[in-house]
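I'm opening a fresh page for a structure I haven't looked at before. My plan is to go from the whole chain down to a few residues and jot down what I find.

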Amino acid sequence: EGEASASAAAIAMSSRNAPLLDSGSGSEDKLEVPEQAVFMVFLTSFIDTLAASISTPAMPYYAKYFGIKTSMIGWLYGAWSFSSTVFAPVLSHMSDRIGRKPVLLISLLGAGTANLIQGFA
């Protein structure tokens, strides 16, 4: 009996905390988030992933051109992974304090600037 009431409470909580779907009066479920916003999130994610991986095949050539060992490329990717791991909680904390939108805009501005610098390099 205790497990059944806990399960029912969990179901009730999950149905109350479902902000993306609104059954409304229509027969279709409607998103509260505008489609354009969802599209922009997917586009940003795609472009960021593309920018992060587009230089991967050229790294050995860069290493040869600048006269460094190709093993140093591993350190470069390690530094990128480390900084991603360290700054994810920092950005999360910042978004809790000042809001998601400013943190996302600042992050996108930084990523865009880095992508432009990489593109012109």
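**First pass: the whole chain**

I began with burial, and buried residues turn out to be 6% of the 121 residues in the protein. I should say right away that this is a predicted model, so I'm keeping an eye on confidence too.

Next I looked up the secondary structure. I have 5 helices and 2 strands on my list. Going along the sequence, I read the pattern as α-β-β-α-α-α-α.

Then I checked the surface. The accessible surface of the protein is about 10,400 Å². Carbon and sulfur atoms account for 68% of that area.

How many of the contacts join residues far along the sequence? I took the contacts between residues at least 6 apart in sequence, and 21% of them join residues at least 24 apart.

**Confidence check**

The average pLDDT for the protein is 76, and 74% of the residues score at least 70. Where is confidence lowest, and where is it highest? Helix H1 (residues 2-16) has the lowest, with a mean of 47, and H4 has the highest, at 88.

I zoomed in on the start of the chain. Residues 1-10 have pLDDT below 50, and in the model this stretch makes 0 contacts beyond near neighbours in sequence. Residues 12-18 also stay under 50, and I found 0 contacts for them beyond four places in sequence. Note to self: where pLDDT is low, the predicted coordinates should not be read in detail. I'm leaving that part alone and moving on.

**A nonpolar patch**

Which residues form a nonpolar patch on the surface? I wrote down Phe 39, Met 40, Leu 43, Phe 46, Ile 47, Leu 50 and Ile 54. Together they have about 660 Å² of accessible area.

I picked Leu 50 from that list for a closer look. Leu 50 sits in helix H2 (residues 35-53). I have Leu 50 down as partly exposed because its relative accessible area is 39%, which falls between the 20% and 50% cut-offs.

**Helix H4, the early part**

Ile 73 and Met 72 caught my eye here. Ile 73 is in helix H4, and Met 72 is in helix H4 as well.

Is Ile 73 buried or exposed? Ile 73 is buried, because its relative accessible area is 13% and the cut-off for buried is under 20%. Met 72, on the other hand, is partly exposed at 42%.

What does Ile 73 touch, leaving out residues up to four places away in sequence? I found Met 59, Pro 60 and Ala 63. I also looked up the C-alpha distances to Pro 60. From Ile 73 the distance is 7.7 Å, with the two positions 13 residues apart in numbering. From Met 72 the distance is 9.8 Å, and here the separation in sequence is 12 residues.

**Helix H4, Ser 95**

Ser 95 belongs to helix H4 too, which covers residues 71-98. Ser 95 counts as buried because its relative accessibility is 16%. Its side chain reaches the backbone oxygen of Ser 92 at 2.8 Å. Setting aside residues up to four places away in sequence, I see Ser 95 touching Arg 100 and Val 103.

**Last stop: Leu 116**

I finished in helix H5 (residues 100-120), where Leu 116 lies. Leu 116 counts as exposed, because its relative accessibility is 54% and exposed means over 50%. I also checked Leu 116 against Ala 51: they are 65 residues apart in sequence, yet C-alpha to C-alpha they are 9.8 Å apart in space.

Definitions and conventions: Residues are numbered from 1 along each chain as its sequence is written. This is a predicted model: local features need pLDDT of at least 70, side-chain atom pairs count only at pLDDT 80 or more; totals for chains, interfaces and linings use all residues. Side-chain values use heavy atoms; hydrogens and water are left out. Helices (H or I, at least four residues) and strands (E, at least two) are DSSP runs, numbered from the N terminus. Buried means under 20% relative accessible area, exposed over 50%, partly exposed in between (1.4 Å probe, protein chains only). Contact means heavy atoms within 4.5 Å. Accessible areas come from the Shrake-Rupley method with a 1.4 Å probe; for residues, only the protein chains shown count as cover. Patches are made of residues with over 30% relative accessible area and no salt bridge: like charges are joined within 9 Å, nonpolar side chains (Val, Leu, Ile, Met, Phe, Trp, Tyr) within 5 Å. A salt bridge is a side-chain nitrogen of Lys or Arg within 4 Å of a carboxyl oxygen of Asp or Glu. A polar contact is a pair of N or O atoms within 3.5 Å; within protein, one must be able to donate a hydrogen and the other to accept it, and residues adjacent in sequence count only if both atoms are side-chain atoms. pLDDT is the predictor's confidence in each residue, from 0 to 100.
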